Amino acid sequence: MSQSADAATAQSIVIAAECLTKRFGKQEVVSSIDFSVLQGQCFGLLGPNGAGKTTTIKMILGQSPISYGSLQVFGRPMPENARWARKRIGVVPQNDNLDPDFTVVENLRVYGSYFGLRRGELDDRIEQLLTFFNLSDRANARVEQLSGGMKRRLIIARALINDPELIVLDEPTTGLDPQVRHMIWARLRELKQSGKTLLLTTHYMEEAERLCDTLVIIDYGQILANGSPAELIRRYVEPEVLELRGPSGDLQLALAVQPQADGGPACRFETIGDTVYCYTDDTQTLARLFPDMPGVSRLQRPANLEDVFLTITGRDLRE
């Protein structure tokens, strides 16, 4: 590869981590992870609570020093260049942290002033963002007068006030109703199409599957899987799932049919509470091998990213 090609490739990498490690005392909470985020893509960082996601984001933002390895953002090492990088980053925190004493416009104006934007430029930017997030009619409303969905849209708008190249979204739609969630997804897709780079953490696997071009699943500080959602589904689970739900005794009776023994398709069973998940290549044939039972309901569906996540990280509760 030529030097010019190498330079073009390097310029397209927004975040590059190699052997990235973070220790707190003797505890290693991020353990020698490697990943890169390309310009214009949505990159997902998924994992259970305590997996190391928040610590990784803090290192990316220059808020936490690195114990070992290297981390570059926009081609410069972190955290030495944190102040410079933050001018090019927008951050959507998990928790609402709007100023309750200010109106919608005042929240945006005060935050925009931190980036040294001129008054006319800032006013134009605010007007654009209020339109983009359907908040124009609430411009002079106080934060306490906003619904949860409006507050969340305002927080995302605030993160865009400096026209950032990289947008870090930490659980951006937690607690929102489906209508607001879909609206935010649409806006995030528009931002990506305009060339913005998104770094997303979420516990909504549907959200990750819809938005992410590529993602990593991290647990106990280590990357367990990486790839596009479609690649991970093909790699880690069967393509179809038959869910059987009902009293455990009825389910055990249904499973006694032994589909494979009757020439049925191969399947893998997982029992969680009152539900049995049957992973297979052919749910149509498999479903016909189970008897109809009054207490047992069934659902046939394609495998999804949540199946992958639970297969890789397990189904035990995390506190």
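Me: What makes helix α9 a neighbour of β9 and β10, and how is the helix angled to β10?

Reply: Helix α9 (residues 229–236) lies across β9 and β10 and runs at about 105° to β10. Axes here are lines fitted to C-alpha atoms, for helices over the stretch in contact, and angles run from 0 to 180 degrees between N-to-C directions. Contact means heavy atoms within 4.5 Å. Helices (H or I, at least four residues) and strands (E, at least two) are DSSP runs, numbered from the N terminus. This is a predicted model, in which local features need pLDDT of at least 70 and side-chain atom pairs count only at pLDDT 80 or more, while totals for chains, interfaces and linings use all residues. Residues are numbered from 1 along each chain as its sequence is written, and side-chain values use heavy atoms, with hydrogens and water left out.

Me: Why is Lys 192 called buried?

Reply: Buried means under 20% relative accessible area, exposed over 50%, and partly exposed in between (1.4 Å probe, protein chains only). Lys 192 has a relative accessible area of 18%, so Lys 192 is buried. This lysine lies in helix α7. Leaving aside residues up to four places away in sequence, Lys 192 touches Gly 40, Gln 41, Cys 42, Leu 198, Leu 211 and Asp 213.

Me: What span is expected of helix α7, and what span does it reach?

Reply: The expected span is 1.5 Å times one less than the number of residues. Helix α7 (residues 178–193) has 16 residues and reaches 22 Å from its first C-alpha to its last, close to the 22 Å expected. Gly 195, with a positive phi near 105°, follows α7.

Me: What covers the buried residues of α7?

Reply: The cover includes β3 (42–46), α5 (119–132), α6 (148–159), β7 (166–170), β8 (197–201) and α8 (205–211). Among the buried residues of α7 are Trp 185, Leu 188 and Leu 191.

Me: Which strands make up the open sheet, and in what order?

Reply: Six strands form an open sheet in the order β6-β7-β8-β3-β9-β10, with mixed pairing. Two strands pair if DSSP finds at least two bridges between them.

Me: Why are β6 and β10 left without a neighbour on one side?

Reply: β6 (89–92) and β10 (222–227) stand at the edges with a single partner strand each, so one side of each has no neighbour in the sheet. Neighbouring strands of this sheet are turned by 15° against each other on average, direction ignored.

Me: How many bridges join β3 to β9?

Reply: Four bridges join β3 to β9 (residues 214–219), and the two run parallel. Leu 45 has Val 216 in β9 as its bridge partner.
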